[in-house]
Amino acid sequence: MKFTSYHPPLRFLMGAGPATLHPRVSSALSRPIISHLDQGFLHVFREVQELLRYVMRTKSMITFPVQGPGSAAMELCVSNLVEPGDKVIVLNNGVYGQRLFEMATVYGANAIRIDHAWGEVLSPERLEEALKAHKDTKIVCFVHGESSTGVLSDIQTLSKICQKYNALTIVDIAATLGGHPVEVDAWGLDAVYSNPQKCLSAPPGLSPVSLNDRAMNKALNRKHPVRSWCFDLKPIYENITDKHAHRFFPHTSPTHCFYALHEALLMIHEEGIENVWKRHHINASALSGGLRALGLKHTTPDEIRIPQLNVVWTPDNTTVQEFRDYLIRNYYLEISDGMADWSGKTLRVGTMGQTSMAANVLYCVSAIGQALQHFGNHANITEALDLVRSHLSNGKSKP
């Protein structure tokens, strides 16, 4: 077999992640490698921390990126806060709520799962009922934006209820961080985790976490050692809080991923986080309106939907795979399949990070409209594009 250099195909990424990389971020990946023990790298690490605090709206010193995917960040939070026998309530309305439950169980929790129907928002009333019935609950876990269903839950209210019953929170903000308001300190979120490849528009590989003093107090005063060597917070905490530390992790750091994440966060800082939220909401509104005008039906009502992620039922006369293949083959446009229970039944179309631009929304709606027509579905593309332009004009989105 003859091997050659790999050149990935052109893709317009408008699914549930990853999002498009800005040329500045791509360029950062080509910078010279330095040691993870180099003083230059320690400087970059500190700046990434500060930029993450800015995006997360927190002052917590223990804010940093975990090496690995978003699930690694989830595992760091769970493995350090959950001890064997701890009673943990997990609110579940999709794939990532279920993953939290499974992970808590792996780490020995007495886990109680409060199941919600797919497409249903997490219920504050059901949470309070559960906490009243289980007053010894140590931790409550839930997801802000469940990207398997497109549902956005009110985590500020959920967090207030947890504080009332003195339960710590572990919160998934993977689908919302950088694209929708998240106020870690103001909402009293104890431990949060995210990933870089959605609204932050960085490549996968480093996933942000932040833990406040309440969470760190539990993590540092465990009765049992953490069941993970790589994710044990204690040595990381000691290095992060030591101004003279020569390294932050007990293992090698992926310096190029740090370069890229730093550049992506720097661009958000330059634009201003409130402006980034506004851009996402304008383009999300335009895209959802355009898809609706084409005849696609959302799985959830607008008031409980993640703005920057549209989950729609599969159109008639085709399958998810046929529809996605047609868009990739003819328009280089990649959208996502559904997940788990909704795999093969739904399509997920996103406007995240650097993908959230007016030109991309117009292109996406036009391409999907033509795909619908190809498979024999009625789609008024002109009407849909006029509606998109109206949304963009009223909101004054970036081109």
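Exposed, in this tour, means over 50% relative accessible area, buried means under 20%, and partly exposed lies in between. The structure on screen is a predicted model, and the stops below move from a charged pair on two helices to further salt bridges, a surface patch, two helix crossings and two single residues.

**Stop 1: E128 and K164.** Select K164 and, with it, E128: the two form a salt bridge in which the closest N and O atoms are 2.7 Å apart. The pair links distant parts of the chain, since E128 belongs to helix 5 and K164 to helix 6 (residues 155–164), with their positions 36 residues apart in sequence. K164 is exposed, because its relative accessible area of 59% is over the 50% cut-off. E128, by contrast, has a relative accessible area of 19% and is therefore buried. Side chains of opposite charge can pair when their charged atoms come close.

**Stop 2: D136 and K87.** Next, select D136 together with K87, a salt bridge whose closest N and O atoms are 3.2 Å apart. D136 sits in the loop between helix 5 (124–133) and strand 5 (139–143), while K87 is in strand 3 (residues 87–92), so the pair ties together parts that are 49 residues apart in sequence. Colouring by accessibility should show D136 as partly exposed, at 45%, and K87 as buried, at 15%.

**Stop 3: R11 and E334.** Now select R11 and E334, which form a salt bridge with the closest N and O atoms 3.7 Å apart. R11 lies in the segment before strand 1 and E334 in strand 12 (residues 333–334), so that this pair links distant parts of the chain, 323 residues apart. R11 is partly exposed, with a relative accessible area of 30%, and E334 also counts as partly exposed, at 26%. The count of salt bridges in the model comes to 17, and to see some that share partners, select R24, R31, E263 and E270, which are joined into one network.

**Stop 4: a nonpolar surface patch.** Select L10, F12, Y332 and Y363, which form a nonpolar patch on the surface with about 370 Å² of accessible area together. Within this group, F12 is placed in strand 1 (residues 12–13) and is partly exposed, its relative accessible area being 32%.

**Stop 5: two helix crossings.** Show helix 7 (residues 213–220) and helix 8 (residues 233–240), whose axes come within 10 Å and cross at roughly 125 degrees. That angle makes helix 7 oblique to helix 8, and the crossing is left-handed. Then show helix 12 (residues 358–374) with helix 13 (residues 381–395): their axes also come within 10 Å, and they cross at roughly 165 degrees. Helix 12 is therefore roughly antiparallel to helix 13, and the crossing of these two helices is right-handed.

**Stop 6: M357 and H244.** Select M357, in the loop between strand 14 (346–350) and helix 12, where the residue is buried, with a relative accessible area of 16%. Adding A284 to the selection gives a C-alpha separation of 9.5 Å for two residues that are 73 residues apart along the chain. Finally, select H244, found in the loop between helix 8 and helix 9 (255–271), which counts as exposed at 74% relative accessibility. A distance label drawn from H244 to Y107, C-alpha to C-alpha, should read 33 Å, for residues that are 137 apart in sequence.

How values were computed:
Residues are numbered from 1 along each chain as its sequence is written. This is a predicted model: local features need pLDDT of at least 70, side-chain atom pairs count only at pLDDT 80 or more; totals for chains, interfaces and linings use all residues. Side-chain values use heavy atoms; hydrogens and water are left out. Patches are made of residues with over 30% relative accessible area and no salt bridge: like charges are joined within 9 Å, nonpolar side chains (Val, Leu, Ile, Met, Phe, Trp, Tyr) within 5 Å. Accessible areas come from the Shrake-Rupley method with a 1.4 Å probe; for residues, only the protein chains shown count as cover. A salt bridge is a side-chain nitrogen of Lys or Arg within 4 Å of a carboxyl oxygen of Asp or Glu. Helices (H or I, at least four residues) and strands (E, at least two) are DSSP runs, numbered from the N terminus. Buried means under 20% relative accessible area, exposed over 50%, partly exposed in between (1.4 Å probe, protein chains only). Axes are lines fitted to C-alpha atoms, for helices over the stretch in contact, and angles run from 0 to 180 degrees between N-to-C directions. Angles under 35 degrees count as roughly parallel, over 145 as roughly antiparallel, 65 to 115 as roughly perpendicular and the rest as oblique. A crossing is left-handed if the near helix is turned anticlockwise from the far one by less than a right angle, and right-handed if clockwise.
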